Amino acid sequence: MVEEVQKHSVHTRVFRSLKRTHDMFVAENGKPVPLDEESHKRKMAVKLWNEYGPVLHMPTSKESFKEKGPQNASDSYGHKQYPANQGQEVEYLVTGTHPYPPGPGVALTADAKIQRMPSESAAQPLAVALPSSQTRVDANCSAPAGGSDRSQPAGMTLAVMEGGNAKNSALMAKKASTMPKPQWHPPWKLCRVISGPLGWVQCIAVEPGNQRFVTGSADRTIKIWDLASGKLKLSLTGHISIVRGVIVSSRSPYLFSCGEDIKCWDLEYNKVIRHYHGHLSAVYGLDLHPTIDVLVTCSRDSTAWIWDVRTKASVHTLSGHTNAVATVAAEPQIITGSHDTTIRLWDLVAGKTRVTLTNHKKSVRAVVLHPRHHTFASGSPDNIKQWRFPDGSFIQNLSGHNAIINTLTVNSDGVLVSGADNGTMHLWDWRSGYSFQRVHAAVQPGSLDSESGIFACAFDQSESWLLMAEADKTIKVYREDDTETEETRPVSWKPEIIKRKRF
């Protein structure tokens, strides 16, 4: 007779397996880990460089040099120090591999001396004592010619301290910057739902005159709507597949659209006047250069193309991405975001990459430029990140929108809008990165909940309307809620919790 085996829950089995693994591999879990001298030295050297790297090259006082002795005088990085000549009246020694950089406000002369600040810590700060006749003159002087690489180290500030008979200048580290207090913005509310397209609304654009807006959808049509009334004015057909991008030129009466193909429409005759051929796969997005007649498109074939609008000729093929290029912006510097998780900033003249930003960990589907500041933002499922031109230096993360972000837009008041694949919309304060509103609008009656997705969004030219292109085949129009004030809807802000991250 077969004995019946007792059945246990999955939780019990996992717990027992974990306990067996723990007993097998962590037998000495109560014993402290022995200290490795070599690792400890490396760790302390890295800490020393991280904390005091910018001032390691500064002069060392003669007192500490005498304590060490001339034979053993060297800094923690092995740079040899040499004693001053006994016959001279030099009161300082220079360590490191290059002369002491005077900095923008302090210039060393023969009368300059080294003083030790009253501190007994291991890394004692040093101060340069200048003669009283020279202090005010040097405080207004600029750095010497050719001294761009000999200026003050980044992250340090020059503080002038007056005390007794001497005026001392010292380098002091700045405090880590925390998130600034966010600016109050009125919340946005849904005021109109426009239906009419027979497929997902994939893209949206407002014409420069602010009278009409254009949408492209999965039913292969481009529709032109009246912005004030929301009524359909015109439908354009001709694309062979989904229309993924539309943009209206501010320099000519042309409308550009892309899908599997790229077309240029003349809005005076409502006809296609040009085709642009060259991409090997579907085109995901397009943008127009603000000052020259250049069109930029990005595609699933991992490239972005620059076209001359008038001649249909390809000016450059921007290659370098290893996966589909999902978004492109040209205002005036060209930026591309790709499914290979990188953002590239391009040199338009040379047609080559200037900077590659690799901070994102997931695909980048949206990029937007601030209309006033020299900054831009990129959207990815891991984070929304802000960057500074021209070299793409990182500013901050905007965390909290945990979804596939399909679109970003920003207005001149500093309201950043992110729309996601799950139908959620977050509104952010651009400067502080604070999310002041989160919206999840209901889908159109008759649609599935799974069709709750935002593909594109745009402000109108007056920035009083926000247009959302959604997967439930509608265009939703939002505007600011005039009934709310800073007193009725205050900013819920916690500066001790929300701080800027380094990466």
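**Figure 1. Helix 1 of the predicted model, residues 10–25**. The 16 residues of helix 1 should span 22 Å at 1.5 Å a residue, and the end C-alpha atoms of the helix are 22 Å apart, which agrees with that expectation. The number of buried residues among the 16 of helix 1 is zero, so the helix lies largely in the open. In the protein as a whole, by contrast, 44% of the 503 residues count as buried.

**Figure 2. Secondary structure and contacts of the protein.** The protein contains four helices and 32 strands. Of its contacts with a separation of 6 or more, 47% are accounted for by residues 24 or more positions apart.

**Figure 3. Strands 2 and 10, the extremes of confidence**. The mean pLDDT is lowest in strand 2 (residues 126–129), at 40, and highest in strand 10 (residues 245–248), at 94. Over residues 70–171 the pLDDT is below 50, although this stretch has 148 contacts in the model beyond near neighbours in sequence. Where pLDDT is low, the predicted coordinates should not be read in detail. The protein averages a pLDDT of 77, with 71% of the residues scoring at least 70.

**Figure 4. The second largest cavity and its lining**. Two cavities of 30 Å³ or more are found in a search of the whole structure, and the second largest has a volume of about 30 Å³. Its lining comprises Pro381, Asp382, Asn383 and Ile384, together with Leu398, Ser399, Gly400, His401 and Asn402. By class, three of these lining residues are nonpolar, five are polar and one is charged.

Definitions and conventions
Residues are numbered from 1 along each chain as its sequence is written. This is a predicted model: local features need pLDDT of at least 70, side-chain atom pairs count only at pLDDT 80 or more; totals for chains, interfaces and linings use all residues. Side-chain values use heavy atoms; hydrogens and water are left out. On a 1 Å grid over the protein atoms alone, a cavity is a set of points where a 1.4 Å probe fits but cannot get out, and a pocket is an open set with protein on both sides within 12 Å along at least five of seven lines; lining residues have an atom within 4 Å of a point. Grid points are joined across faces, edges and corners, and a volume is the space filled by probe spheres set on the points. Ala, Val, Leu, Ile, Met, Phe, Trp, Tyr, Cys and Pro count as nonpolar, Asp, Glu, Lys and Arg as charged, and the others, Gly among them, as polar. Helices (H or I, at least four residues) and strands (E, at least two) are DSSP runs, numbered from the N terminus. The expected span of a helix is 1.5 Å times one less than its number of residues. Buried means under 20% relative accessible area, exposed over 50%, partly exposed in between (1.4 Å probe, protein chains only). pLDDT is the predictor's confidence in each residue, from 0 to 100. Contact means heavy atoms within 4.5 Å.
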